[in-house]
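Here's a protein model to look through together. Have the sequence and the 3D view open, and follow along as we go from strands to helices to loops.

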Amino acid sequence: MQDFAGRTAFVTGGANGVGLGVVRALLAEGCKVAIADIREDAIEKTLKSLDNQMVMGVKVDVASRDDMARAADEVEAKFGPVTLLFNNAGINLFQTIEDSSWSDWDWVMGVNLQGPINGVMTFVPRMIAHGQGGYIVNTASMAGWLAAGSPGIYNTTKFAVRGMSESLRYSLAKHKIGVSILCPGLVKSYIYASDDIRPAELMGDAKPVDHENIKRLADFHEFGMEPDVIAARVLDGMRDNRAYIFSHPEFRDEVAELFEEYLGDFRDFPNDPGFEQRTGFEKFRRERYKEARAAARSAT
Ligand SMILES: NC(=O)c1ccc[n+]([C@@H]2O[C@H](COP(=O)([O-])OP(=O)(O)OC[C@H]3O[C@@H](n4cnc5c(N)ncnc54)[C@H](O)[C@@H]3O)[C@@H](O)[C@H]2O)c1
């Protein structure tokens, strides 16, 4: 993506943290930007601080298909077709799977996975119909690579966002729509306060909020990466059309170590019946996949 100026962007979770950094970076590039967030007060505060005619706010719960469609209509009526989509809104529940309830699953999956799915299903048909190409950045996390027991549901959603986004990256290249997966480490953000926006209908079997733990998490997030730093890296990744935007270089060695461990789980089993045909078939698939990866890098 080289031509940001004049495009309309839709940034979910744009009122705080990573999303707000991205909003500021896009405005600096001359984009029209919609801040799509569930926190109305934060939208208002942000709009005031930005004081810019090229930005609007739209209240949306990304977990709702209807809400997303309404928000898309509202933004496109004012700013024209959205060709830059940032599925970034996210929440976290810092707990293991065995400590989680059905409503915990519904809430975290609804925002972190159904949210990006709703963004894609709402905007991709519009982008294709508009025919001006575009770009989608889906915010996963380093927790989409490193799963260490907790937070289990969060890990589940972030691994899934990677899968969806990679698949989409190859299928949308022919429409000149790029797709990148943003994988941050710690960010100076407000995600530790996610419990504040848990919908009442998903409170049912929620654990009481652990205020001590939230205080600890707030302290950690203080030394997280500044949203403006991460946003500059996001735009850099979009310019290069990179599959993965790894904003935090400190994770590189750990990912390499992890993949070495995965490779160590392969075994040289003796060839079984069908092995030759299968490897021929996989060779064909592997070549097509490699071509698709190369094509996607020059899609926009
Ligand atoms: N903070 C970190 O250390 C970190 C690390 C890796 C990945 N991430 C990811 O970055 C993304 C942004 O999070 P952040 O850290 O900036 O958090 P944040 O809480 O500061 O900002 C997230 C924004 O999303 C909004 N939001 C939450 N639920 C929503 C919903 N249902 N509909 C619409 N908006 C909703 C919130 O109101 C908030 O303004 C998330 O996807 C998160 O998982 C964060």
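Start with Asn 138: its bridge partner in E6 is Ile 181. This is a predicted model, by the way. E5 and E6 run parallel, and six bridges join them.

Now zoom out to the whole sheet. Seven strands make up an open sheet with parallel pairing, and the order is E3-E2-E1-E4-E5-E6-E7. Which strands stand at the edges? They are E3 and E7 (244–245), and each has a single partner strand, so one side of each is left without a neighbour in the sheet. As background, strands of a sheet pair through backbone hydrogen bonds, either parallel or antiparallel.

Next come the helices that pack on the sheet. H1 touches E1 (8–12), E2 (32–37), E3, E4 (82–87) and E5, and its direction makes about 170 degrees with that of E1. H2 packs on the sheet too, touching E2 and E3, and its direction makes about 175 degrees with that of E3.

H1 has another part to play, around the ligand. Helix H1 (residues 17–28) gives the most to the shell there, with three residues. Of the 30 residues around the ligand, the ones that come nearest are Gly 13, Gly 17, Gly 90, Ser 189 and Tyr 190. What kinds of residues make up this shell? It divides into 16 nonpolar, 11 polar and three charged residues.

Finally, have a look at the backbone in the loops. Most residues other than glycine have a negative phi, and most peptide bonds are trans. Here are two residues with a positive phi, neither of them a glycine:

| Residue | Phi | Loop between | C-beta neighbours within 10 Å |
|---|---|---|---|
| Asp 51 | near 45 degrees | H2 (40–50) and E3 (55–59) | 7 |
| Lys 176 | about 60 degrees | H5 and E6 (177–182) | 18 |

Are these two buried or exposed? Asp 51 is exposed, because just 7 other C-beta atoms lie within 10 Å and the cut-off for exposed is 12 or fewer. Lys 176 counts as partly exposed, because its 18 C-beta neighbours inside 10 Å fall between that cut-off and the 20 or more needed for buried.

One peptide bond deserves a look as well. Where is the cis peptide bond? It joins Ser 150 and Pro 151, with omega about 0 degrees. To find Pro 151, go to the loop between strand E5 (134–139) and helix H5 (152–172).

How values were computed: Residues are numbered from 1 along each chain as its sequence is written. This is a predicted model: local features need pLDDT of at least 70, side-chain atom pairs count only at pLDDT 80 or more; totals for chains, interfaces and linings use all residues. Helices (H or I, at least four residues) and strands (E, at least two) are DSSP runs, numbered from the N terminus. A residue is near a molecule or strand if its C-beta atom, placed from the backbone, lies within 6 Å of it. Ala, Val, Leu, Ile, Met, Phe, Trp, Tyr, Cys and Pro count as nonpolar, Asp, Glu, Lys and Arg as charged, and the others, Gly among them, as polar. Two strands pair if DSSP finds at least two bridges between them. Two residues are in contact if their C-beta atoms, placed from the backbone, lie within 7 Å. Axes are lines fitted to C-alpha atoms, for helices over the stretch in contact, and angles run from 0 to 180 degrees between N-to-C directions.
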